[in-house]
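Me: I should like a close look at a single part of this protein, set in the context of the whole chain. Please treat it in one connected account.

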Amino acid sequence: MADKRAIDKLKEAFCVDNVSRYIIKKEGVVILEIYWKPLTIADRDTIYKTLHAMNKANETDNLEYALQVLINKAEDKEGNKLFTEADRASLRREIPLTVLTDIMFKIQGAAEEVDTVNSKSTSE
């Protein structure tokens with residue numbers, strides 16, 4: 001029997017259907033639970049296309065990118081989007097930068113305080 005192909009091994013080990021969760025608390029009180037599936041190259045392409053359409057693709061900082069990641073990827077437990085484009089202005093003006101960048105780092109996999117939950121068992 002032939003060994004599995006490299007692509008099959010990677011897809012099994014790093015399934016894009018797995019869901020991660022981050023719980024935002026303030027003073028011990030749960031404010032929001034954010035769920036997301038892993039960020040893929042296809043997701044990044046979509047985000048860059050959106051930024052390009054808004055004439056924000058050439059900005060030197062990554063804050064617009066971080067905001068778009070949040071809008072595109074953040075979901076509730078049932079898989080519904082938490083934010084829409086209509087929330088962009090409010091997210092920019094009314095939420096501290098540290099909160100938004102913290103979430104974005106977690107979605108991009110740059111932080112360790114994230115639970116990985118199999119998407120088929122998100123009823124925890």
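How many helices and strands does the protein chain have, and, for the close look, which residues of helix α3 are buried?

Reply: The model is a predicted one. Its protein chain has five helices and three strands, and from the N terminus on these elements run α-β-β-α-α-α-α-β. Of the 124 residues in the chain, 27% are buried. Among contacts between residues at least 6 apart in sequence, 51% join residues at least 24 apart.

Helix α3 spans residues 63-73, and 10 of its 11 residues are buried, so that the helix is mostly covered, buried meaning under 20% relative accessible area. The buried residues are E64, Y65, A66, L67, Q68, V69, L70, I71, N72 and K73. They pack against one strand, β2 (29-36), and against the helices α2 (41-53), α4 (88-94) and α5 (97-107).

The helix also enters the largest nonpolar core, a group of 19 residues in which I34, V69, L70, F83, L91, I103 and I107 have the most contacts. At least two residues of this core come from each of β1, β2, α2, α3 and α5, and α3 gives the largest share, with six residues. As a general matter, nonpolar side chains in soluble globular proteins tend to be buried together. Within α3, L70 may be followed individually: leaving aside residues up to four places away in sequence, L70 touches F83, L91, L100, I103 and I107.

Strand β2, against which the buried residues of α3 pack, pairs with β1 in the antiparallel sense over seven bridges. In this pairing Y22 stands opposite I34 of β2, and I34 is itself among the core residues with the most contacts. Two residues lie between the strands of the hairpin, where E27 takes a positive phi near 55 degrees.

The two strands and α5 also take part in the largest pocket, since β1 (19-26), β2 and α5 each supply at least two residues of its lining, the strands and helices being DSSP runs. The volume of this pocket is about 250 Å³. Its lining comprises 15 residues, and those nearest the centre are I24, I31, I95, V99 and I103. By class, 12 of the lining residues are nonpolar and three are charged, with no polar residues. I103 thus recurs in the account: I103 lies among the residues nearest the pocket centre, is touched by L70 of α3, and is listed with the core residues that have the most contacts.

Methods:
Residues are numbered from 1 along each chain as its sequence is written. This is a predicted model: local features need pLDDT of at least 70, side-chain atom pairs count only at pLDDT 80 or more; totals for chains, interfaces and linings use all residues. Side-chain values use heavy atoms; hydrogens and water are left out. Buried means under 20% relative accessible area, exposed over 50%, partly exposed in between (1.4 Å probe, protein chains only). Helices (H or I, at least four residues) and strands (E, at least two) are DSSP runs, numbered from the N terminus. Contact means heavy atoms within 4.5 Å. On a 1 Å grid over the protein atoms alone, a cavity is a set of points where a 1.4 Å probe fits but cannot get out, and a pocket is an open set with protein on both sides within 12 Å along at least five of seven lines; lining residues have an atom within 4 Å of a point. Grid points are joined across faces, edges and corners, and a volume is the space filled by probe spheres set on the points. Ala, Val, Leu, Ile, Met, Phe, Trp, Tyr, Cys and Pro count as nonpolar, Asp, Glu, Lys and Arg as charged, and the others, Gly among them, as polar. Two strands pair if DSSP finds at least two bridges between them. A nonpolar core is a set of buried Ala, Val, Leu, Ile, Met, Phe, Trp, Tyr and Cys residues joined through side-chain atoms within 4.5 Å.
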